[in-house]
Amino acid sequence: FETGLGLWEVKGDVEIAMADKAHSGNGCIEIKIKNAAESAGASTIVSGLVPFATYRLSAYVKTSFDGQAILSVDGQAAVTAYNANKGWILRECYFVAQSEAATLSLLAAQLSGDSGCVAFFDDVRLEKIEDIQAQWLSEEIIQLEKRDETVFNISIDNQGDYALIVTCLATHRTGFITGKLVVDDELQYEVAFPGTAQKGQNGTNTQYFPLALSKGEHEIQLILEQGSLTISQLGLGIWPVACMLAEF
């Protein structure tokens, strides 16, 4: 956001913060809200996408106390961050383009209360994923309820960069279905899967979690902490090549 908001349309209290607040460069987006009932953000339409191709949307985010920073694609919240007062962290989500254009949104929300909060976004990137070579760990339906977990043991022949691929069937839920991804007893990711907007709706959501794995045996656990989740496919892929499409 070195040259301002450009083609981003804003809702609510949105401005460009100066270099002293940015993750890099001379500015970042700063979004302020007054209470939990209010929402605010910035959106832009990106064209030139290839239908049914996979894309990665990423951004560095940080929030004040009790705040959320949300990345959204075509009106569906894709990934959220609760990192109050912990500095900048990288958040990314993956989506399959449904047409030649998509609406990307950066949103702020407050978990509760009327104290207000602020969210910052910087180094927003959209990349096309060129190739993913995957082996499926399971193509059977896996149903997880709160505090359930699924465990897989895998053997890696070559050390390298991989990605756990999780495709789930989303159902209606207010907020996110949350859990943890643990590899060899070490927490790798706090995960969040969005529900659908309306009761009776169903949809699929695929997320990719990069993992650096050494040669040998590894144990992968997906632990559900809130909500219920139906996993239709679970795979491990060789980390793909990405082609930069846009950077803000």
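**Exercise 1. Which residues does threonine 230 touch, not counting residues up to four places away in sequence?**

First, the ground rules. This is a predicted model, where local features need pLDDT of at least 70, side-chain atom pairs count only at pLDDT 80 or more, and totals for chains, interfaces and linings use all residues. Residues are numbered from 1 along each chain as its sequence is written, and side-chain values use heavy atoms, with hydrogens and water left out.

*Solution.*
- Step 1. Place the residue. Threonine 230 lies in strand 19, residues 229-238. (Strands are DSSP runs of E, at least two residues, numbered from the N terminus.)
- Step 2. List its contacts (heavy atoms within 4.5 Å). Threonine 230 touches Ile141, Ile142, Gln143, Thr167, Cys168 and Leu169.

**Exercise 2. Is threonine 230 buried or exposed?**

*Solution.*
- Step 1. Take the rule: buried means under 20% relative accessible area, exposed over 50%, partly exposed in between, with a 1.4 Å probe and protein chains only.
- Step 2. Apply it. The relative accessible area of threonine 230 is 16%, so this residue is buried.
- Step 3. Try isoleucine 70, in strand 6. Its value is 10%, so isoleucine 70 is buried.

**Exercise 3. Find the largest nonpolar core and the strand with the largest share of it.**

*Solution.*
- Step 1. Define it. A nonpolar core is a set of buried Ala, Val, Leu, Ile, Met, Phe, Trp, Tyr and Cys residues joined through side-chain atoms within 4.5 Å.
- Step 2. Count. The largest core has 30 residues. Those with the most contacts inside it include Ile29, Phe95 and Phe121.
- Step 3. Find the strand. Strand 10 gives the largest share of this core, 5 residues.
- Step 4. Look further. Another core, of 24 residues, lies apart from it, with Ile154, Tyr162, Ile220 and Ile231 among its members.

**Exercise 4. Which residues line the largest cavity?**

*Solution.*
- Step 1. Set the rule. On a 1 Å grid over the protein atoms alone, a cavity is a set of points where a 1.4 Å probe fits but cannot get out; lining residues have an atom within 4 Å of a point.
- Step 2. Read the lining: Leu137, Thr150, Phe152, Leu164, Ile220, Leu222 and Leu234.
- Step 3. Trace the elements. Strand 13 (149-156) and strand 18 (216-226) each give two or more residues to this lining.

Methods. Helix = DSSP H or I, 4+ residues; strand = E, 2+ residues; numbered from the N terminus. 1 Å grid on protein atoms, 1.4 Å probe; cavity = no way out; pocket = protein on both sides within 12 Å on 5 of 7 lines; lining within 4 Å.
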